Amino acid sequence: MKIIKNIYLDLPIRFKIFVWFIPVLLITVSITGGYSYYTAKNQVLKKANVAQMEITDQISYQLDYISNNLIDFSNYLFLLSSVQQYLNPTTQDDTYSRRSQTKEIASSLMVNNRDMQSLILYGFNKDIPSLAVNKTGVTSTMPFEEFQKTNHYRLAVALRGKPSWTLLKGDERVFIGESRTQIILTKVLKNSNTLNDLGILIIGINEETLRNRYTKGLSDSAEIFILDENDIVISSNNTQWIGNTINHIPILQESTYENNAITLTNNDWLLSQSNSNLGWKVLLIQPRKELLKELQTIKGLTFIVALLCFALSLWVSWYLSLFITKPLKKLTVSMEKLQEGDFSQKVEFHGKDEIGALGRGYDLMVQQTNQLIDDVYRSSLRQKEAELKSLQAQIHPHFLYNTLDTIFWMAQKKNEKDIANIIYSLSQFFRLSLSDGKDLVTVNNELLLVKNYLNIQKERFPNKFSFEIDVDDDITNYLIPKLLIQPLVENSIIHGIESIEENGFIYIRAFKQEKNLVINVTDNGYGIPFDQLEQIKQYLQSIKSENNILDEQANRPGYALVNIIERLRINYDKTATIDIESKVEFGTKVKITIPI
């Protein structure tokens, strides 16, 4: 991660913009496109499910209508006197005349009822001939003795006058010459007076005719099944499944059955179910892929549009980043030339944004720097190093103060407040650090020196750190060794604050604790590595135990810290202590305890 971070920090701003922009754009486009497709998909499936439910409900209604119509027809025949006398004749002649009468009635009623395909009427009296009629006229049927062996007969008798619905396949020759699959109603007819069983009524519905009615408007990929009470397929647009149970249909093999409702576990299909009053189930199954076929086209178009938008955004962002970073690149080149000594540099940025303000500030800084160099420093820089050292050796402290004051007033006169503040802080720093040759200074003067030092450093590192000095009023006049706190603050900046990007903070606290003066210097900088911190603590511990560790250069910490420790020993012997706490990337706290 550190390597990646360093690589990222070394990238030009233009590429940093891309590093953040491209993933954000990709994620945004992907989420938007994916959510849109997911929403549209759910809406399509929801509407398709509603449409399927309407179809299955309509088919259930049609089945109820047909079944009720046939039941009404059977009840009508049951009440006809000719039918009653045909099945319960008084004479043989009466049987044939009533049979002829019943045939004419049944034939005329079948012509008007398009749902009925055929009709059979058996009498339990063996002397009564059977009656068979279909749409085309009179037909023949199997003998009653053979029909009694069928499941249709057994189920009708078991229901004792209630209608039973069964599937009559083409290979069952109940109707002679009829090879089409039929759904038949079988019902025992009783004597209207005594309620004794007189015969069996069979009414057939052509399955193909029924299928053609409910398959109109269905798509080719749809699968529709009509199941009876025993879950046997009695009608389907795929005829190979007619007569099979639900477990033999591959699509329905992965289904679950609960509370009279069928649920598919295979998400590739969309299932709708409706139940008729007969107890029949209407199942409509369609593949989701077919329902979403049109949506796939929309999905492709959405992807293409998103891709075009992404490409266009990349192109716009590339030229936008060029527009933003071009002035910064110009500023970088100008700064490189300035570092080489070319003080005639100007970037001349236009605009009132941050970059424009930066360019104007840079041009003004170069101009002012050039002017100050020409006015103050250019002649002195040309002097020989030996002459400069000779002059510096002869400079009296008061001459240094006066010179800095002169430069301060020159900067004030030219309204150069930043430079004036630096010169003023530097003048105060030298004045307080020399302190007329005194070794001990007041806490107030020492902290004032630290404040001026920090002000200079803040001009050196603008916006990099801030500081706070907190001192109790009752200890400001206490005397302490000169330059005791400033080296610690300098260490905080050099080894701590310089290693972080921004938001550095230094907190200096001086207060009285019992009979001691306590001074804390705390920063939120990089901190001291664990091994180095342990070495410093060992060094401090060795001093407390009076070991002569000061001469062992290999184990000594930095010069500034050693200098402070040695001066504390000279002034306070073992009564003054120094403690250090630090954690990498969290900061450092140095605590000095001095007896009052």
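Buried, in what follows, means under 20% relative accessible area. By that cut-off, Glu207, Leu210, Arg211 and Tyr214 of helix H7 (residues 207-214) are buried. Keep in mind that this is a predicted model. The briefing starts with a four-stranded open sheet, moves on to the helix that packs on it, then takes in the salt bridges and two loop residues.

**The sheet around E14**

- The strand order in this open sheet is E10-E9-E14-E13, and the pairing is antiparallel.
- E10 and E13 sit at the edges with a single partner strand each, so each has one side without a neighbour in the sheet.
- From one strand to the next, the twist averages 20°.
- On one flank of E14, strand E9 (residues 223-227) is joined to it by five bridges, with the two running antiparallel. One pairing to look up is Glu223, whose bridge partner in E14 is Ile285.
- Strand E13 (residues 269-275) is also antiparallel to E14, and here seven bridges do the joining. Among the partners, Gln273 goes with Leu283 of E14, and Ser272 goes with Leu284.
- E13 and E14 make a hairpin with five residues between them. If you check backbone torsions in the turn, Gly279 has a positive phi of about 95°.

**How enclosed is E14?**

- Seven of the seven residues in strand E14 (residues 281-287) are buried, so the strand is largely enclosed by the rest of the structure.
- Both of its faces are covered. Lys281, Leu283, Ile285 and Pro287 are buried on one side, while Val282, Leu284 and Gln286 are buried on the other.
- Two of these names come back from the bridge pairs: Leu283 is the partner of Gln273, and Ile285 is the partner of Glu223.

**Helix H7**

- H7 packs on the sheet and touches both E9 and E10. The direction of H7 makes about 55° with that of E10.
- Back to the buried set in H7, namely Glu207, Leu210, Arg211 and Tyr214. They span an arc of only 100° around the axis, which puts them on the same side of the helix.
- The general background is simple: an α-helix has 3.6 residues a turn, so residues three or four places apart point the same way.
- The N-terminal end of H7 is capped by Asn206, which has a side-chain oxygen 3.2 Å from the backbone nitrogen of Glu208.

**Salt bridges**

- The structure has five salt bridges, and a few of them are worth a look.
- Lys281 and Asp231 meet through their side chains at 3.1 Å, N to O. This pair links distant parts of the chain, with Lys281 in strand E14 and Asp231 in the loop between E9 and strand E10 (233-236), 50 residues apart. Both Lys281 and Asp231 are buried.
- Arg509 and Asp472 also form a salt bridge, at 3.1 Å from N to O. That one, too, links distant parts of the chain: Arg509 is in strand E18 (residues 504-513), Asp472 is in the loop between strand E16 (465-471) and strand E17 (479-481), and they are 37 residues apart.
- Asp472 is partly exposed, at 25% relative accessible area. Together with Asp470 and Arg509, Asp472 belongs to a network of salt bridges.
- Asp197 pairs with Lys190, and their closest N and O atoms are 2.6 Å apart. Asp197 is partly exposed, with a relative accessible area of 39%.

**Loop residue Asn191**

- Asn191 sits in the loop between strand E7 (182-190) and strand E8 (197-206).
- Its relative accessibility is 10%, and the cut-off for buried is under 20%, so Asn191 counts as buried.
- A polar atom of the Asn191 side chain lies 3.3 Å from the backbone nitrogen of Thr194.
- Setting aside residues up to four places away in sequence, Asn191 touches Gln84, Asn88, Asn196 and Leu198.

**Loop residue Pro163**

- Pro163 is found in the loop between helix H6 (151-159) and strand E5 (164-168).
- This proline is partly exposed, with a relative accessible area of 27%.
- Beyond its neighbours within four places in sequence, Pro163 is in contact with Ile71, Leu185, Thr186 and Lys187.
- Pro163 and Ile71 are 92 residues apart along the chain, yet their C-alpha atoms are separated by 7.4 Å.

Key:
Residues are numbered from 1 along each chain as its sequence is written. This is a predicted model: local features need pLDDT of at least 70, side-chain atom pairs count only at pLDDT 80 or more; totals for chains, interfaces and linings use all residues. Side-chain values use heavy atoms; hydrogens and water are left out. Buried means under 20% relative accessible area, exposed over 50%, partly exposed in between (1.4 Å probe, protein chains only). Contact means heavy atoms within 4.5 Å. The arc is that of the directions from the helix axis to the C-beta atoms. A polar contact is a pair of N or O atoms within 3.5 Å; within protein, one must be able to donate a hydrogen and the other to accept it, and residues adjacent in sequence count only if both atoms are side-chain atoms. Two strands pair if DSSP finds at least two bridges between them. A salt bridge is a side-chain nitrogen of Lys or Arg within 4 Å of a carboxyl oxygen of Asp or Glu. Axes are lines fitted to C-alpha atoms, for helices over the stretch in contact, and angles run from 0 to 180 degrees between N-to-C directions.
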